[in-house]
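Me: Please pick one spot in this model and take a close look at it, then work outward so I can see how the rest of the chain relates to it. Where would you start?

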Amino acid sequence: MQIFIDADGCPVVDLTVSISKRFGVECTILCDTSHEFHRDGIKTVTVEKGADSVDFRIVNLVKAGDIVVTQDYGLAAMCLARQAVPISQNGLVFNDQNIDRLLFTRYVSKKIRNTGGRLKGPSKRTSEQDRAFETALTKLLNK
């Protein structure tokens, strides 16, 4: 088992690294050239900037049973197809029961934005979200 972090815009990189070290699980941070991540003892893979370039690299690296930290529903769906376990930065473990609804919500939201509509953005990150993520990731690693 290995943990992959879709690090572009991910607020739980350091928390994930800390948890992976506590459990002795290999962790890889993936980002594009517009971001820079370096953490001691952690592998970082930097890919060329481009639409979904990090996502496709993760999909090519991930194996069954690996954990992928991402907020991207599309990447989560591709990881599920590879029998990996995607988890959001808020501790939601993506699965076959919730991914279709999430992808549909993303599609509807995009249609609204494309027609000039506005949607409320995400609220400020809370410590409760960090705790929920830590609890969910720890639970996955204890399995």
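Reply: Let's start at Lys 120, which sits in the loop between α4 and α5. Keep in mind that this is a predicted model. With a relative accessible area of 81%, Lys 120 is exposed, because anything over 50% gets that label. Val 25 makes a handy yardstick here: it is 95 residues from Lys 120 in sequence, and the two C-alpha atoms are 37 Å apart in space. To put that number in context, the C-alpha atoms of the protein chain fill a box of roughly 45 × 30 × 30 Å along the principal axes.

Now the two helices that flank this loop, beginning with α4. It covers residues 99-114, and Thr 105 is part of it. Thr 105 comes out as partly exposed, at 40% relative accessibility. A polar atom of its side chain lies 2.9 Å from the backbone oxygen of Arg 101. Thr 105 also gives a distance across to α3: Tyr 73, where that helix (residues 73-81) begins, is 32 residues away in sequence and 9.9 Å away in space, C-alpha to C-alpha.

On the other side of the loop is α5, residues 127-142, which holds Thr 138. In this case the side chain has a polar atom 2.7 Å from the backbone oxygen of Glu 134. As background for both threonines, an α-helix has 3.6 residues a turn, so residues three or four places apart point the same way. Unlike the threonine in α4, Thr 138 is buried: its relative accessible area is 16%, which is under the 20% cut-off. Leaving aside residues up to four places away in sequence, Thr 138 touches Ile 19, Arg 22 and Phe 23. Those contacts take us to α1, which covers residues 13-23.

Just ahead of that helix is Val 12, in the loop between β1 (2-6) and α1. This is another loop residue, but its surroundings are the opposite of what we saw at Lys 120. Val 12 is buried, with a relative accessible area of 0%, while Lys 120 is exposed. Its contacts, again leaving out residues up to four places away, are Val 69, Gln 89, Arg 125, Asp 130 and Phe 133. Asp 130 and Phe 133 bring us back to α5, given its span of 127-142. As for reach in the other direction, the C-alpha atoms of Val 12 and Leu 80 are separated by 21 Å, with their positions 68 residues apart along the chain.

Leu 80 belongs to α3, where it is buried along with Gly 74, Leu 75, Ala 76 and Cys 79. The N-terminal end of α3 is capped by Asp 72, with a side-chain oxygen 2.7 Å from the backbone nitrogen of Gly 74. After the helix comes Gln 83, whose phi is positive, near 65°. That's worth a glance if you're checking backbone torsions, as this is a residue other than glycine. Gln 83 lies in the loop between α3 and β5 (85-87), and it counts as exposed at 58% relative accessibility.

For a strand residue, look at Asp 32 in β2, which covers residues 26-32. Asp 32 is an acidic residue with little accessible area: it is buried, at 9%. Its contacts beyond four places in sequence are Asp 8, Thr 46, Val 47, Glu 48, Lys 49, Ser 53 and Val 54. Arg 57 is 25 residues away from Asp 32 in sequence, and the C-alpha to C-alpha distance is 10 Å.

Zooming out, how are the elements ordered along the chain? Read along the sequence, the pattern is β-α-β-β-α-β-α-β-α-α, made up of 5 helices and 5 strands. The radius of gyration is 15 Å, close to the 15 Å the globule rule gives for 143 residues, so the chain is as compact as a globular protein of that length. Of those 143 residues, 40% are buried. Among contacts between residues at least 6 apart in sequence, 47% join residues at least 24 apart.

Finally, the surface and the charges. The accessible surface comes to about 8,500 Å², and 50% of it belongs to carbon and sulfur atoms. There are 20 positive and 17 negative charges, and their mean positions are 6 Å apart.

Definitions and conventions:
Residues are numbered from 1 along each chain as its sequence is written. This is a predicted model: local features need pLDDT of at least 70, side-chain atom pairs count only at pLDDT 80 or more; totals for chains, interfaces and linings use all residues. Side-chain values use heavy atoms; hydrogens and water are left out. Helices (H or I, at least four residues) and strands (E, at least two) are DSSP runs, numbered from the N terminus. The radius of gyration is taken over C-alpha atoms; the globule rule is 2.2 Å times the number of residues to the power 0.38. Buried means under 20% relative accessible area, exposed over 50%, partly exposed in between (1.4 Å probe, protein chains only). Contact means heavy atoms within 4.5 Å. Accessible areas come from the Shrake-Rupley method with a 1.4 Å probe; for residues, only the protein chains shown count as cover. Lys and Arg count as positive and Asp and Glu as negative; His and the chain ends are not counted. The place of a charge is taken as NZ of Lys, CZ of Arg, CG of Asp or CD of Glu. A polar contact is a pair of N or O atoms within 3.5 Å; within protein, one must be able to donate a hydrogen and the other to accept it, and residues adjacent in sequence count only if both atoms are side-chain atoms.
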